[in-house]
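Let's take a friendly walk through a protein model together. Have the sequence and the 3D view ready, and follow along at your own pace.

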Amino acid sequence: MSSTALPTTEDLRARARAGLARLGVTVEEGSDFPARSPITGEDLFGLRAATAADTEQAIADARAAFLTWRTTPAPRRGELVWRLGELLRDHKGDLADLITIEAGKIRSEALGEVQEMIDICDFAVGLSRQLYGRTIASERPGHRLAETWHPLGVVGVISAFNFPAAVWSWNTAVALVCGDTVVWKPSELTSLIALACDRLLARAAEEVGAPREVHRLLLGDRTIGEQLVDDPRVALVSATGSTRMGREVGPRVAARFGRSLLELGGNNAAVVAPSADLDLAVQGIVFAAAGTAGQRCTTLRRLIVHRDIADTLLARLTAAYRKLPIGDPFDETTLVGPLISAQALETMQNALTRAQAEGGKILAGGNRRLTDAAPHASYVEPVLVRVDEQTEVVREETFAPLLYVLTYDTLDEAIALHNDVPQGLSSSIFTRDQQEAELFLSAEGSDCGIANVNIGTSGAEIGGAFGGEKETGGGRESGSDAWRAYMRSATNTINYSSRLALAQNVSFL
Ligand code: NAD
């Protein structure tokens with residue numbers, strides 16, 4: 001199914017301009033840096049990219065603001081984030097529109113992304129009164145041993161196109177309450193939503209009397225990101241994107257002994273056991289694999305099904321895939337919007353060709369759609385491919401709605417297949433057998449940063465720490481105690497006796 005009617009680029013341009021105006025954004029138009037929409041695959045208007053000098057100035061401003069922001073009491077810092085959360089609530093619809101226009105997300109997912117931003121603001125406001133360390137039993141009489149947490153410095157946030165606003169908020173809301181200042185380099189594909197977020201934060205800062213320079217936005221391509229990566233004034237580089245990007249960023253930041261927080265690619269799998277509730281599994285699998293047109297870092301890319309139920313499950317999945325409504329993401333009935341670019345479509349098609357050459361069989365999907373209505377856009381049917389083995393192409397992340405299906409006989413075999421990929425982001429098992437579920441979650445089970453039971457791999461809540469192992473980069477952000485990455489700890493020994501006792505009973509003088 002697909003609706004053939006799509007908005008025109010002129011409609012999208014007008015909608016973006018009207019939303020930006022309501023958000024208070026004055027667009028500095030230029031010619032060197034286009035804003036575009038995957039809905040039609042065409043440019044909306046030109047923007048001005050930041051220069052190396054702008055980047056230098058932004059880092060200097062953020063560093064200067066840090067020197068006062070770090071001494072502002074954390075609950076006062078929380079007021080800025082509280083106000084930001086309020087403004088996000090007020091402008092939820094306009095922000096979601098920009099996400100749909102630039103990233104192609106369907107309406108309910110775009111609204112969900114803004115909700116996630118609101119949620120992390122609420123979380124960070126609470127956190128602003130809970131940035132505590134521990135008191136540790138000292139081995140010496142008359143001594144107190146304590147751990148304190150201090151602001152870190154300027155945080156450079158580099159973000160990907162597919163969560164163009166939420167990833168910023170996960171980092172920025174937490175960094176701001178931790179006493180850090182932020183310089184943000186968003187994806188070159190999602191500048192408009194970045195302008196909107198920056199404007200709302202500036203408004204919140206004006207209203208609560210916080211320095212405007214606690215946040216700086218730099219539109220531009222990877223060269224701006226590279227400048228942040230190499231600048232020793234940027235204490236933490238939090239970079240979200242492909243493993244290719246992380247492979248470049250990680251060593252460069254390490255070379256100057258900076259800190260990095262890497263949130264990179266995934267190759268997420270779900271195991272479906274014989275006892276699984278198949279109604280629930282089908283729903284969970286289709287949302288995780290085809291939702292967001294397969295463009296979530298947590299998208300389900302591999303399905304590992306017990307041989308006894310494979311035919312039944314695949315028949316149901318095939319039927320569900322054939323009915324997926326593909327088209328205009330603003331249309332409330334659409335479930336699958338466009339891929340971000342022609343390059344993304346080409347990468348998907350190449351992966352599909354390789355998978356078939358390696359013996360894979362297409363069970364459903366794979367055709368391009370809406371080529372007449374939007375020849376420059378990339379709409380494609382989510383595809384289900386049955387494979388006998390976990391070949392090289394299956395072990396790679398293809399950032400598109402491409403789900404490989406493998407079968408297994410024993411749970412040990414399923415877990416071995418599951419873990420035998422370079423990435424380690426998200427995972428799940430569908431089972432009603434408690435032993436199987438617990439084994440999957442145990443030390444000898446899934447090796448991912450996220451492991452779920454009876455729910456798909458995507459759609460995490462902000463309360464937990466988010467991130468993954470191996471080539472996913474090891475970073476954790478958002479909830480739980482991920483805030484510690486944005487602060488530095490100091491261990492304090494306080495002697496309140498009148499005797500100098502040395503540790504480990506050392507005697508001296
Ligand atoms: P990308 O790697 O192409 O770009 C991400 C960002 O990095 C962009 O802002 C880009 O300009 C910048 N960049 C690229 N090379 C750089 C370099 N050498 N130095 C500094 N900055 C550089 O990724 P994308 O296509 O925008 O996003 C899709 C990828 O992101 C997928 O692999 C997906 O799995 C991953 N992702 C991961 C998470 C996560 O939390 N683990 C979340 C979202 C997306």
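## A marked residue and its surroundings

Our starting point comes from a database record: an unreviewed UniProt entry places the feature "active site" at Glu263. Keep in mind as you look that this is a predicted model.

Where does glutamate 263 sit in the chain? You will find glutamate 263 in strand β9, which covers residues 259-263. Is glutamate 263 buried or exposed? Glutamate 263 has 30 C-beta neighbours inside 10 Å, and 20 or more is enough to count as buried, so this residue is buried. Leaving out residues up to four places away in sequence, glutamate 263 touches Thr240, Gly467, Gly473, Gly475 and Glu477.

Now turn to the ligand. There are 29 residues around the ligand, and those that come nearest are Ala160, Gly225, Gly241, Glu263 and Cys297. So the residue marked in the record turns up here again. Helices α8 (222-230) and α9 (243-255) each supply at least two residues of the shell around the ligand, and α8 gives the largest share, four residues.

Both domains take part in this shell. Domain 1 (9-264 + 473-489) and domain 2 (268-461) each contribute at least three residues to the shell around the ligand.

How do the two domains sit relative to one another? Their centres, taken over C-alpha atoms, are separated by 30 Å. Where they meet, 15 residues of domain 1 are in contact with 21 residues of domain 2. On the side of domain 1 that touches domain 2, α4 (92-103) and α5 (107-127) each provide at least two residues.

The table lists the residue classes for that side and for the ligand shell.

| Set of residues | Nonpolar | Polar | Charged |
|---|---|---|---|
| Side of domain 1 that touches domain 2 | six residues | five residues | four residues |
| Shell around the ligand | eleven residues | ten residues | eight residues |

Finally, step back to the whole chain. The chain contains 14 helices and 23 strands. Its C-alpha atoms fill a box of roughly 80 × 55 × 35 Å along the principal axes. A compact globule of 509 residues would have a radius of gyration near 23 Å, and the chain has 24 Å, which agrees. Of the 509 residues, 53% count as buried. Among contacts with a separation of 6 or more, 74% are between residues 24 or more positions apart.

Terms used:
Residues numbered from 1 in each chain as written. Predicted model: local features only at pLDDT ≥ 70, side-chain atom pairs only at ≥ 80, totals over all residues. Domains from an automatic or database assignment. Contact = placed C-beta atoms within 7 Å. Nonpolar A, V, L, I, M, F, W, Y, C, P; charged D, E, K, R; others polar. UniProt positions renumbered as here; feature names shortened; annotations may be inferred. Buried ≥ 20, exposed ≤ 12 C-beta atoms within 10 Å, placed from the backbone. Near = placed C-beta within 6 Å. Rg over C-alpha atoms; globule rule 2.2 N^0.38 Å.
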